[in-house]
2 protein chains.
Amino acid sequence: MKLLLDNQVCFDVHAASRALDGLYRALLRDLGLTYPQYLAMMVLWEREPVTVKELGAALRLDSGTLSPLLKRLEAAGLVRRERSAADERSVLVRLTPDGAALSSRAEQVPDRLLAATGLDVEELAAFRGTLRRLTAAVDEAALAVRRAE
Amino acid sequence: MKLLLDNQVCFDVHAASRALDGLYRALLRDLGLTYPQYLAMMVLWEREPVTVKELGAALRLDSGTLSPLLKRLEAAGLVRRERSAADERSVLVRLTPDGAALSSRAEQVPDRLLAATGLDVEELAAFRGTLRRLTAAVDEAALAVRRAE
DNA sequence: TACATTTTGATTGTGCACAACTTAATTGGT
DNA sequence: ACCAATTAAGTTGTGCACAATCAAAATGTA
């Protein structure tokens, strides 16, 4: 039956995503972070302050996802939010001292995760290349479908 | 900074998964199905009846996800659930006539999706191979982490 | 300047995913 | 035959993701 073929590619991506999420869940457990929260913190550990819009652009997430996520990070004392003085529509997100300090405890996560994938450098590069092209092509196709309706 | 490198692989998988989900959302819109619901229906279009456990094994989902999902499919009139006579713990899931009929309307989805990925056959094969090995390795690593704690 | 448009973020509602727990049915060991 | 352990589903609670909608601020143009 035809319905199996396509499915696998997409299902495999879906399954891989959930598997990675599960590993992150285990690795980030004692940091008190989820994977999406960890992603947001990584952006902040690099540059700060950042507006919600910038964060959304970096992570490809909208405010419907980020607003509650940032609220939880704020409740955990890792982050502080304030309206920009220059543009009152924007909200600037900053690290608290606790949030900044957490980065040292997160340092080992990347290595452990990379090791867990079991992929070597060149395989990784090819894989990521395919992933990026896939994502771009699929995003484009989704736009085309929406336009057609 | 070290925190970027690993991130990309995982983030790329995450992003690809969400992109595919978005395309499915568009393609399945007029069928009234979400992507996970579509996956469940595909299993049922192949073999029937199926227990919740079997469905969970096929989709790698637990009852906490499947129970409400199946309840929605039942509410939509696509599926019927009944306790197994042989083993009262099990619930058998069957298609209704409407549910069975829906498969014909879903036939075009795979082709459209495969085309949207923009991948050729051999690239697809290599990609899926990497995905499978990645998932297996990561699942294994997650188990190891849990055992160590 | 006045007003329509755009931008930014928040909110609401729906659905997926998983951990932890509960209940009922079955199985296995004694 | 009895009781402990296991198994199958369901339930609850938390969090992510996104569509749709809204309010407030900024921008552009008549």
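These notebook entries record what I looked up in a predicted model of two protein chains and DNA strands C and D.

**Entry 1. Conventions.** I noted that residues are numbered from 1 along each chain as its sequence is written, and that chains are lettered from A and ligands numbered from 1 in the order in which they are written. In this predicted model, local features need pLDDT of at least 70 and side-chain atom pairs count only at pLDDT 80 or more, while totals for chains, interfaces and linings use all residues; side-chain values use heavy atoms, with hydrogens and water left out.

**Entry 2. Two helices of chain B.** I looked up helix H2 (residues 35-46) and helix H3 (residues 52-59) of chain B, which pack at an angle of about 115 degrees with their axes 10 Å apart. Helices here are DSSP runs (H or I, at least four residues), and strands are runs of E of at least two, numbered from the N terminus. The axes are lines fitted to C-alpha atoms over the stretch in contact, and angles run from 0 to 180 degrees between N-to-C directions. H2(B) is therefore roughly perpendicular to H3(B), a term that covers 65 to 115 degrees.

I then listed the residues in contact (heavy atoms within 4.5 Å). B:Leu39, B:Ala40 and B:Val43 of H2(B) meet B:Leu55, B:Ala58 and B:Leu59 of H3(B). This contact has 6 nonpolar residues, no polar and no charged ones. Nonpolar means Ala, Val, Leu, Ile, Met, Phe, Trp, Tyr, Cys and Pro; charged means Asp, Glu, Lys and Arg; the others, Gly among them, are polar.

**Entry 3. DNA strand D.** I found 30 residues around strand D, of which A:Arg72, B:His14, B:Lys53, B:Ser63 and B:Ser67 come nearest. A residue is near a strand if one of its heavy atoms lies within 4 Å of it. Sugar and phosphate make up 82% of the atoms of strand D within 4 Å of the protein.

I next recorded polar contacts (pairs of N or O atoms within 3.5 Å). The side chain of B:His14 has an N or O atom 2.5 Å from a phosphate oxygen of strand D. For B:Ser67, a polar side-chain atom lies 2.8 Å from a phosphate oxygen of strand D.

**Entry 4. DNA strand C.** Which residues come nearest to strand C? I found A:His14, A:Lys53, A:Ser63, A:Ser67 and B:Arg72, out of 30 around the strand. A backbone N or O atom of A:Lys53 lies 2.7 Å from a phosphate oxygen of strand C. By class, the surface near strand C has 6 nonpolar, 10 polar and 14 charged residues.

Conventions. Angles under 35 degrees count as roughly parallel, over 145 as roughly antiparallel, 65 to 115 as roughly perpendicular and the rest as oblique. A polar contact is a pair of N or O atoms within 3.5 Å; within protein, one must be able to donate a hydrogen and the other to accept it, and residues adjacent in sequence count only if both atoms are side-chain atoms.
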